[in-house]
Amino acid sequence: MRTDDIDALLAVVQFASLNRAAEHLGISQSAITRRLQSFEQSLGATLLDRQTKPLKLTAIGRRVYEQCLTIKRETKRLESLLNQDAEPSGPLRLGIPQSLSEIALQPALAALGQHYPQLRPQVMCGWGGQLLKRLENVELDSLLAMGPAQQTFDDSLEAKALCPLEVVVIASKHLNLSATRLSDCAHHGWILNPDGCGLRAGLTRDLQSQSLGLKINVETAGAQLQISLVAQGLGLGLVPKAALTHSPYQHEIAVLELADFQPKVQLWQVSSRGLGNLQQPTTFFAEKIVQELLH
């Protein structure tokens, strides 16, 4: 099967005439006939009913024709990926941490849609490790992840540090805590993301280094929900400061300055290599997320 054969079938259906289809392709009628015969032989099926005028597709020919249209569209999309000047179009698969999506996803997607109307964003929210695995499996084009400044990534990926993210330990003001170390407050228990969250993993390591246990009061996803529960005095929280800034409960929350626990987190953009003209939209999206976080 060759792309020339597919073009021949598409042209014949479009013009319902061998002569006009041949003229459109710039070849002779005998040449287009040979292409059609070659296509049918490679598939082992008759695609055109040659007893009718104009030519009509057989039942199997109709199904093959529809698949050929899909192939042609995807081929054009592939060509546009390699053409940096072509307008980006089609699916753009993005990943973003759950806690940041609550703050910045909606305005960033709105801006992306206005700037690149031919794109169809597909967004997955989750933990950094899960999203990175999907990127490595080519299930995503680009993602945003929170991680240490010294984090390394697979050589098959392109990674760019975007900005530092301040992460804070929070408690309800009603608890009147004056804690300065983890040991002063860890017994109150925590409201954290489920296992797999990088922030939770970092906290667990620091607690273990001091022979302190991780007491979970509430395990739930979503920084805004966690902040609301912390405000009720149900436990301590560990959230990006940007999430607290955007929370309606911020005035009911105290930030604990702990001398022995000051997590340093960087926001990364990690992308597949060779995105072609999808590279600019992924960069645009990442910049809009950063703008919302720093707003």
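This is a dialogue about a predicted model, in which each label is set against its cut-off.

Student: What does the protein contain in helices and strands, and what makes it more spread out than a compact globule?

Tutor: The protein has 11 helices and 11 strands. Its radius of gyration is 28 Å, while the globule rule gives 19 Å for 295 residues; the value is well over the rule, so the protein is more spread out than a compact globule. The C-alpha trace spans about 90 × 35 × 35 Å along the principal axes.

Student: How much of the protein is buried, and what share of the contacts is between residues 24 or more positions apart?

Tutor: Buried residues make up 44% of the 295 residues. Of the contacts with a separation of 6 or more, 72% are between residues 24 or more positions apart. The accessible surface comes to about 15,500 Å², and carbon and sulfur atoms account for 48% of that.

Student: Why is E40 called buried?

Tutor: The relative accessible area of E40 is 11%. Buried means under 20%, so E40 is buried. E40 lies in helix α3, residues 29-43.

Student: What makes the pair of E40 and R50 a polar contact?

Tutor: The side chains of E40 and R50 come to 2.9 Å. The cut-off for a pair of N or O atoms is 3.5 Å, and the pair is counted as a polar contact. Leaving out residues up to four places away in sequence, E40 touches A45, T46, L47, L48 and R50.

Student: Is D184 buried, exposed or partly exposed, and how do you know that?

Tutor: D184 has a relative accessible area of 36%. Partly exposed covers what is in between the 20% and 50% limits, so D184 is partly exposed. D184 is in helix α7, residues 182-185, and its side chain reaches the backbone nitrogen of T180 at 3.1 Å. The C-alpha atoms of D184 and L258 are separated by 9.2 Å, with their positions 74 residues apart along the chain.

Student: Why does T245 count as partly exposed?

Tutor: T245 has 41% relative accessibility. Exposed would need over 50% and buried under 20%, so T245 counts as partly exposed. T245 is found in helix α10, residues 241-245. From T245 to Q224, 21 residues apart in sequence, the C-alpha to C-alpha distance is 10 Å.

Student: How many disulfides does the structure hold, and why is C125 not bonded to C197?

Tutor: The structure holds 0 disulfides. The closest cysteine sulfur to that of C125 is in C197, at 14 Å. A disulfide needs the sulfur atoms within 2.5 Å, so 14 Å is too far for a bond.

Student: Are C68 and C125 buried or partly exposed?

Tutor: C68 is at 2% relative accessibility, so C68 counts as buried. C125 is at 33%, so C125 counts as partly exposed.

Student: What makes helix α9 largely enclosed by the rest of the structure?

Tutor: In helix α9, residues 223-231, 7 of the 9 residues are buried, so the helix is largely enclosed. The buried residues are A223, Q226, I227, S228, L229, V230 and A231. Just after α9, G233 takes a positive phi of about 85°.

Student: Which span does helix α1 reach, and what is expected?

Tutor: Helix α1, residues 3-15, has 13 residues and reaches 18 Å from its first C-alpha to its last, close to the 18 Å expected at 1.5 Å a residue. Its buried residues are D5, I6, A8, L9, L10, A11, V12 and F15.

Student: What is notable about the phi of A16 and of S211?

Tutor: Most residues other than glycine have a negative phi. Phi of A16 is near 55°, which is positive although the residue is not glycine; S211 is also not a glycine, and its phi is about 60°. A16 lies in the loop between α1 and α2, and its relative accessible area of 31% makes it partly exposed. S211 lies in the loop between α8 and β8, and at 69% S211 is exposed.

Student: Why is the peptide bond between K53 and P54 worth pointing out?

Tutor: Most peptide bonds are trans. The bond joining K53 and P54 is cis, with omega about 0°. P54 is in the loop between β1 and β2.

Terms used
Residues are numbered from 1 along each chain as its sequence is written. This is a predicted model: local features need pLDDT of at least 70, side-chain atom pairs count only at pLDDT 80 or more; totals for chains, interfaces and linings use all residues. Side-chain values use heavy atoms; hydrogens and water are left out. Helices (H or I, at least four residues) and strands (E, at least two) are DSSP runs, numbered from the N terminus. The expected span of a helix is 1.5 Å times one less than its number of residues. Buried means under 20% relative accessible area, exposed over 50%, partly exposed in between (1.4 Å probe, protein chains only). A polar contact is a pair of N or O atoms within 3.5 Å; within protein, one must be able to donate a hydrogen and the other to accept it, and residues adjacent in sequence count only if both atoms are side-chain atoms. Contact means heavy atoms within 4.5 Å. The radius of gyration is taken over C-alpha atoms; the globule rule is 2.2 Å times the number of residues to the power 0.38. Accessible areas come from the Shrake-Rupley method with a 1.4 Å probe; for residues, only the protein chains shown count as cover.
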